[in-house]
Amino acid sequence: MNDHIETNERGSGMSGGHVLDLKRPIGWLLSAYGVLLTVYGLLTKKEMYAISLGINVNLVWGLVMIVIGGAFLLTAFLKRKKVAR
Amino acid sequence: MAPVITLNAVDYAIIGGYILVMILVGYSLKKYMKTGEDFFLSGRSLPGWITGLAFLSANLGALEVIGMVANSAKYGIATVHFYWVGAVLAMAFLGVFMMPFYYGSRVRTVPEYLKLRYNEATRGLNAISFAIMTILMSGISLYAMALLFNKMLGWSFHASILFAALVVLLYVFWGGLSSSIYNEVIQFFLIWLGLLPIVFLGLKQVGGFAGLTAKLNRELLHAVKYLGTSNNPLGVDWFGVAMGLGFVLAFGYWTTDFLVVQRALASKNLNSARMTPIIAAFPKMLVPIIVVIPGLVALLVLPEFSPAALPTADYNSALILLMKHYLPNGLLGLAITALLASFMSGMAGNVTAFNTIWTYDIYGSYISKGRPDAHYVKVGKWTTVIGVLASVGTAYIALGFKNLMDYMQLIFSFFNAPLFATFLLGMFWKGATPWGGFWGLLVGILTAAGHYILYKLGVLSYHSEMAANFYQAIWAWSADFVVTIGVSLFTAKRDPKELVGLVFGLTPKPKADARWYARPAVWGTLAVGLSVLLYILFW
């Protein structure tokens, strides 16, 4: 049993488990949402935001999501560059 | 009845985008699912942050979110017990002490561990009861989702069930556990991004956290102060909270439920497996931000929860009413997508746990042993189809139950609470014998059943339904604990050589990583310390 613990340490790459870098689909999905919300926020009138205390939350939150989604895409991109090198 | 919320094209585009990404992720994993380990355990290759977030999200289903917002409106800050005493300690214990035996012994499932440690009968008992439990739970997710979307959005009940079942079926069939885990990670981010705007807007309207505490009844604002007797909003005394929730239910759920343990088993090495629940513990401590604050805000801003309306208020509608109150179209679609994602991943998690247990512990052990690996992958894929169909069936059974949260707690106190005693003795006491394990588990489950019958007949009474669940768990656990020890004293032990790697004291300790910041024990201690600090802050 003891040697099993040792063999585990070889880690990934043996079979096709973690083949998809999840940072990319998350990054794409969140930035697409961000862009959609930002554009929608820019196109909509102020009256619509009476319920959200007068704040254009679509615009604000859209920008927040672009930043978060962009951060995921950036880390995925940097990692791929590192692997390629 | 007119739907509560009206969505527009932008909202539907957001919902559609999520479904599209899930199906694409599932499809792109299809070609990598070659062996049983790939399909059932993601090839044991995932990094700690992914399994950790999935470990947390597997439990952050929409029912929990909606239910915990409701609990917060009802019980106030005391709801944090479900997160701090009710999870963090158990998660740290799993990572630091138990994971070396789970991951180190290379078992593929929880019942398989029971077979190695005890005997075939114990495994069979656990595998069958767990298979039933997951299908019931998966049906609950499906039913609750269809009900919510029907009432709130006006979608057809039957069409919602069939559509969600089809999407889950597709991506689990193609990608197995990996699909399920990836969806959980995506859901983790969606839940936070979907609900945080409500938290910010709510706090802004009531004047920040200070404004919140100034306007609310003081009993709602303390986690521990009023637990001396059961005369608090929870209706449970400190012993019930500490033992029932903090010890038995929390440890039972977080350390023995295959649905969550499976995520750790998918890790790439022992250290990642041990870090999985510990990584999950940190965001877990913060979840009260998105459930407790909205629950308290609801009491102050929603006319449906004004003091006059409170006696007849439907607490479970609090979150949806807050969405309607604060979110314009656009963000509304995002919040609905977050709920949809957590319903679907709740169901997918149960379906993947079911197909693994069925294929390895029931089909591969009793029905058709020793077939080639590819055969079991095929069986697992088709079991997914059967599991989804069975979930649709149990969704219609759930139609007959009035209160889903109680129904779920009840299921946990039946199966998870006694199982934790079996595990604790199995892992840390080498004297526990095979038949001791079996009879302990059986008597534990029967004790839970007996307690439930006595409670329903009115022989036993408690201040609240929650107190009944907590004490049922305590009784079931104690019965299992005592019977396992009692029977072990009179039955034959296993050869200690067979227990190496399975029991504490017979297993060499895993080598501690030279870098202190990579050690599970360091992070586990930090997590527990932080939750103690939070308790002091919200005493």
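These are my notes on a predicted model, taken while looking up chain A, its contact with chain B, and two loop residues of chain B.

Entry 1, chain A. I looked up the secondary structure and found three helices and zero strands. Read from the N terminus, the order of elements is α-α-α. Chain A has 85 residues, and 34% of them are buried. I then took the contacts in chain A between residues at least 6 apart in sequence; 72% of these join residues at least 24 apart.

Entry 2, the contact between the chains. I noted 35 residues from chain A and 47 residues from chain B. On the side of chain B that touches chain A, five entries went into my list as supplying at least two residues each: helix 1 (9-29), helix 2 (36-41), helix 8 (157-206), helix 14 (318-326) and helix 15 (331-367). Helix 8 of chain B gives the largest share, 10 residues. By residue type, this side of chain B holds 26 nonpolar, 14 polar and seven charged residues.

Entry 3, B:Ser42. I found this residue in the loop between helix 2 and helix 3 (48-57) of chain B. Its phi is near 50 degrees, which is positive in a residue other than glycine. Is B:Ser42 buried or exposed? I put it down as buried, because it has 35 C-beta neighbours inside 10 Å and 20 or more are enough.

Entry 4, B:Arg106. The loop between helix 5 (84-104) and helix 6 (110-117) of chain B holds this residue. Phi is positive for B:Arg106 too, near 60 degrees, and B:Arg106 is not a glycine. I counted 16 C-beta neighbours inside 10 Å, so B:Arg106 is partly exposed.

How values were computed
Residues are numbered from 1 along each chain as its sequence is written. Chains are lettered from A and ligands numbered from 1 in the order in which they are written. This is a predicted model: local features need pLDDT of at least 70, side-chain atom pairs count only at pLDDT 80 or more; totals for chains, interfaces and linings use all residues. Two residues are in contact if their C-beta atoms, placed from the backbone, lie within 7 Å. Ala, Val, Leu, Ile, Met, Phe, Trp, Tyr, Cys and Pro count as nonpolar, Asp, Glu, Lys and Arg as charged, and the others, Gly among them, as polar. A residue is buried if 20 or more other C-beta atoms lie within 10 Å of its own, exposed if 12 or fewer, and partly exposed in between; C-beta atoms are placed from the backbone.
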